[in-house]
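Reader: Let's go through this one together, one small piece at a time. Could you start with the ground rules?

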Amino acid sequence: MVSVSLGSSSRNHKVIVRLFGQEVLVERIGTDGDRKKVIRAIQSLDGKVDAFGMGGIDRYIYVNNRRYTFREAEEIAGHARVSPILDGSGLKNSLERHVVHLLADHPLISLRGKKVLLVSGVDRFGMAAALVETGCEVVFGDLMFGLGLPLAIRSLQGLDRAARLIAPMITQLPIRFLYPTGEKQQEIQAKFAKHYLSADVIAGDFHFIRRHLPARLDGKIVLTNTVTRDDVELLRARGVKHLVTTTPDLEGRSFGTNVIEALLVAMQESRRELAPVQYLDLLDKTGFSPRIETLTR
């Protein structure tokens, strides 16, 4: 399976995974924010791969029982006419919910009751809901990290209201206005530091976390995915105590949910998007588990 991403090509990676008695080549191809390159890659590989991942852009976001579709992502996905294309949203709504509950009373992480900055709740509503269910005090950074507005959301009800108001509009915009793509993923502009520093846990999309990373995060826990070895060293250098990725470590790299979702779909004869319970069942059978790493003492 191949993940075609609007992200930086410097984060490309390739690994062979053995699952259910089969070897699967998993590859991530970054296009440095070039939408035309993404489309050309999908067109050239369509029907030659068992599944595509769609990286650097969401196709869908889910808030409660509502689904919002990003226009640009839908147009890109339309070029995959034979091979299925997955953006990871199904896995976010199942795996990440599950992982938060696993971490609630974990001896190292002990997530229950902690103060959490979730950089984008609409992108990860399953995680958002599970954090609230485990008694965490959550600040949702959607307006800050997505729109640059210095406004914190402090409840699921507030997140729901913001989504109802804003999602129909922002899903019509090009993703570059909302999310770092290409080489912009390598830039850090420290911002909203008080929200980072007042939290015990920084959670959510790594590119959003990295985008405004303060100079020090001593003793913090970062709960994310899609990290490279360089990302891990960046967090270590800034004092992060524990790193948790909801997706497993595959040869030093935690891939995005789009990659793992596409991998699981590629292994199925039907090659169709699965229900949340099916993803969890398959992940249990693979032996995949969250990555938990202590970076500093």
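Author: Sure: contact here means heavy atoms within 4.5 Å. This is a predicted model, where local features need pLDDT of at least 70, side-chain atom pairs count only at pLDDT 80 or more, and totals for chains, interfaces and linings use all residues. Residues are numbered from 1 along each chain as its sequence is written, and side-chain values use heavy atoms, with hydrogens and water left out.

Reader: Is Ser-8 buried or exposed?

Author: Ser-8 sits in the loop between strand S1 (2-5) and strand S2 (13-19); strands are DSSP runs of E, at least two residues, and helices are runs of H or I, at least four, numbered from the N terminus. Buried means under 20% relative accessible area, exposed over 50%, and partly exposed in between (1.4 Å probe, protein chains only). Ser-8 has 0% relative accessibility, so it counts as buried.

Reader: Which residues is Ser-8 in contact with, leaving aside its neighbours within four places in sequence?

Author: Two stretches of numbering show up in the list. With those neighbours set aside, Ser-8 is in contact with Gly-182, Glu-183, Gln-185 and Gln-186, plus Arg-28, Gly-30 and Asp-32.

Reader: Moving on, which residue in S15 stands opposite Leu-243?

Author: Leu-243 points one way from strand S12 (residues 242-245) together with Thr-245, while His-242 and Val-244 point the other way. S12 and strand S15 (residues 291-294) run antiparallel, joined by 4 bridges; strands pair if DSSP finds at least two bridges between them. In S15, the residue opposite Leu-243 is Glu-293.
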